[in-house]
Amino acid sequence: MTVRNEKGATKTGKASLILFCATLAAIFLATSTLSTAVLAEEKKGSDKQGKFLFRSKCKECHWPEEEGGDVTPMTFTQAQWKSFFDRYKHKRKKDVWHDVFTKEELVHIKTYLINHASDSEQPETCG
Ligand code: HEC
């Protein structure tokens with residue numbers, strides 16, 4: 001009887017240890033996901049990198065004679081660029097958005113375009 005009880009106790013002990021570890025892991029995962037989300041939200045892109053990326057990657061398709069037509073920072077106002085990046089997401093050529101650019105690159109480009117939009121303090125025509 002006593003032996004059985006001891007075994008039972010050990011088993012319960014193991015189970016609660018596993019449960020404890022699983023809870024810790026879950027808490028760790030939840031907080032790290034949360035902090036990454038907060039970081040992504042707070043992270044500001046770099047104007048300089050955005051300019052470089054816009055010129056080297058977006059402009060590939062966005063000269064007047066190219067398939068995307070002419071696009072410069074002045075194509076849109078700041079509010080229009082914001083909604084373009086947050087909601088519209090380049091719908092007419094959706095594949096480009098995810099296949100060509102990383103999320104980080106898009107943050108830089110967004111920053112650059114908003115900083116130099118048509119209603120910004122430093123509008124920029126030459127993409
Ligand atoms: C592989 C080519 C390609 C790349 C790269 C590209 N675009 Fe486009 N883009 C297009 C095409 C095609 C259209 C649709 C043009 C049309 O239908 O008149 C378009 C449309 C647009 C429009 C007009 C609104 C719309 O969606 O119809 C904007 C603004 C724009 N692109 C911005 C950008 C920005 C900013 C980047 C870089 C982050 C970029 N594009 C990268 C091909 C491209």
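**Close-up 1. Helix α5, end to end.** Helix α5 covers residues 103-115 (helices are DSSP runs of H or I, at least four residues, numbered from the N terminus). Its 13 residues should span 18 Å at 1.5 Å a residue (the expected span is 1.5 Å times one less than the number of residues), and the end C-alpha atoms are 18 Å apart, so the two agree. A quick note on the model: it is predicted, so local features need pLDDT of at least 70 and side-chain atom pairs count only at pLDDT 80 or more, while totals for chains, interfaces and linings use all residues. Residue numbers start from 1 along each chain as its sequence is written.

**Close-up 2. The buried side of the story for α5.** His108, Ile109, Thr111, Tyr112, Leu113 and Ile114 are the buried residues here. Buried means 20 or more other C-beta atoms within 10 Å of a residue's own, exposed means 12 or fewer, and partly exposed lies in between, with C-beta atoms placed from the backbone. These buried residues pack against α2 (47-58) and α3, where contact means C-beta atoms within 7 Å.

**Close-up 3. Two positive phi values in one loop.** Lys89 sits in the loop between α3 (78-88) and α4 (94-99), and so does His90. Most residues other than glycine have a negative phi. Lys89, though, has phi near 50°, and His90 has about 55°. Lys89 counts as exposed because it has 12 C-beta neighbours inside 10 Å; His90 has 17 other C-beta atoms within 10 Å, so it is partly exposed.

**Close-up 4. Around the ligand.** Among the 19 residues here, Cys58, Cys61, Gly68, Arg92 and Lys93 come nearest (near means a C-beta atom, placed from the backbone, within 6 Å).

Terms used:
Two residues are in contact if their C-beta atoms, placed from the backbone, lie within 7 Å.
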